[in-house]
Amino acid sequence: MEKKFQEFAAHDLMLEKMEKSEFLMPLLLDDYARHGTNPEEHARLLREAEACGLVETKQPSLLKYVVIVTRFLDEEGKNCTPRASMHAVDTILQKYMKHASIYLEGKVVSLLMATDSGFEKYLHILADDISQSVERILGLGCSIGISRITPYLTGIHECYQEAMNAIGYAQGNEKNTVHYISDEEPEGNLDHEMIQEILGKIENLLRSGTEQELKSYMERLSNQFIEDRISRNTLSFILLQIFSTVYRTVFAVAGSGALLKLQEKAPVHNVPGRGSSVREYIDICLYARQIISEQRKRSGEILCDQAIRMIQEHFMDQDLSLVSVSNAISVSPNYLSAILKKETGRTFKDILTEARIEEAKKLVMYSSLKIREIAVKCGYNDQHYFSYCFKKYTGTSPNGCRRAYGQEKE
């Protein structure tokens, strides 16, 4: 019985690790912070982390996060990190702080969770412990990269990139090294969170803001750069990120044709450099927003024309609806409804009713078909409802319309 319990416990532990790994993998690889630091997104991720047992503290808001990447090296300094090495790393880490590790493409990637004081006290100790234990017990070299500290789960992706950059500073003949990205690449006055917020705001304004909103924001940003007296190198870096964001957004929203148009004004091979003013980038952003706006207008007109053409060709189909038409032209019903309202000032139902009743009027006046037959031909399976719609649209009933037309002919 005891053996079975141990097997069950081991299985349960394995499942727990799998759940943590499934949560941790996208956290490391997906850029949750691409739209800036989002408290709501961080709170959502924190709830998921608690649900899978990754975070257990009673005050998760005090936790900070660091990513470390560990590689084992053979005598020639080549990577020889087996999957089983994750257990060796975890055995050491568990002595110091809460953590979770995964094996990813020939390396052990670990997310460390602690308070500021916890990292200050133990981070350098645990890194040295891993390095020395691997050498003493396994007879292997070890290379470790360590990220900066982030207060947000949404910043884990950037931490992973920092840890990978840090480990890249290891020299080929070094077998036991610990590299901190903060040592190798001092931040200076470069605020990454601030930059992500700027890029996220610009992207949102390109997508859905007005020209004046975008222009005002960019001018305020320019004044902020002057007031903060940021260095020319930092400014050049931020402007380059803005340039990249503009290109990415235009392509995502408006497609490759719009991107070619943007290249005519701001070629990729001629990115405004260190001597460029923020004014040049404001002009590029405004031009990009104009391209997106024009493309959306054309797309809206095309979608509207497609929908109206489908209504005119298939109004006799009783099953024709906003949903069926939107599915046929590959957009959501809500989006199609909004496009029709914007382009025509009318709803889908108004346009469909007009097409059906206009055809019904012709049949009422110029054919000998019964009213019931006309209703079916025009997409109505209920004669009474057809008569109601007909009268509401024309001001008279189908029979009244037929009688009036007959008197006019006489």
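Leaving aside neighbours within four places in sequence, which residues is S131 in contact with? In this predicted model, the partners turn out to be C142, I144 and N176. S131 itself sits in helix α4, which covers residues 116-138. The cut-off for buried is under 20% relative accessible area, so S131, at 8%, counts as buried.

Stepping back to the whole chain, the secondary structure comes to 17 helices and 5 strands. Of the 410 residues in the protein chain, 41% are buried. As for how the chain meets itself, take the contacts between residues at least 6 apart in sequence: 65% of them join residues at least 24 apart.

A second serine, S85, belongs to helix α3 (residues 85-93). With a relative accessible area of 3%, S85 falls under the 20% cut-off and is therefore buried. Once residues up to four places away in sequence are set aside, S85 touches F72, Y103 and V108. There is also a distance to R71 to report: the two residues are 14 apart in sequence, and their C-alpha atoms lie 8.9 Å from each other in space.

Helix α5 spans residues 156-167, 12 residues in total. From first C-alpha to last, α5 reaches 16 Å, close to the 16 Å expected at 1.5 Å a residue. What is buried along α5? The list runs I156, H157, C159, Y160, E162, A163, A166 and I167.

Then there is the packing around helix α7 (residues 192-208), starting with helix α8 (residues 211-228). The two axes come within 9 Å and cross at roughly 160°. Angles over 145 degrees count as roughly antiparallel, so that is the label for α7 and α8. The crossing of α7 past α8 is left-handed. On the α7 side, the contact is made by E197, I198, K201, I202, L205 and L206, while α8 brings in E213, L214, Y217, M218, L221 and F225. Sorted by class, this contact has 9 nonpolar and 3 charged residues, with no polar ones.

Helix α7 also packs against helix α11 (residues 278-314), here at an angle of about 40° and with the axes 8 Å apart. That angle makes α7 oblique to α11. The α7 residues involved are I202, L205, L206, R207 and S208, and they meet C285, A288, R289, I292 and R296 in α11. By class, the contact of α7 with α11 comes to 6 nonpolar, 1 polar and 3 charged residues. I202, L205 and L206 of α7 thus turn up in the contact with α8 and again in the contact with α11.

Finally, a look at backbone torsions. Most residues other than glycine have a negative phi. Against that background, E105 has a positive phi, near 50°, and is not a glycine. E105 lies in the loop between β2 (98-103) and β3 (108-114). Is E105 buried or exposed? Its relative accessible area is 68%, which is over the 50% cut-off and therefore makes E105 exposed.

S330 likewise is not a glycine and has a positive phi, of about 65°. Its place is in the loop between α12 (322-328) and α13 (333-344). With a relative accessible area of 65%, again over 50%, S330 is therefore exposed.

Technical notes:
Residues numbered from 1 in each chain as written. Predicted model: local features only at pLDDT ≥ 70, side-chain atom pairs only at ≥ 80, totals over all residues. Heavy atoms only, no water. Helix = DSSP H or I, 4+ residues; strand = E, 2+ residues; numbered from the N terminus. Expected span 1.5 Å × (residues − 1). Buried < 20%, exposed > 50% of the residue type's maximum accessible area, 1.4 Å probe, protein only. Axes fitted to C-alpha atoms, helices over the stretch in contact; angles between N-to-C directions. Parallel < 35°, antiparallel > 145°, perpendicular 65-115°, else oblique. Left-handed = near helix turned anticlockwise from the far one by under 90°. Contact = heavy atoms within 4.5 Å. Nonpolar A, V, L, I, M, F, W, Y, C, P; charged D, E, K, R; others polar.
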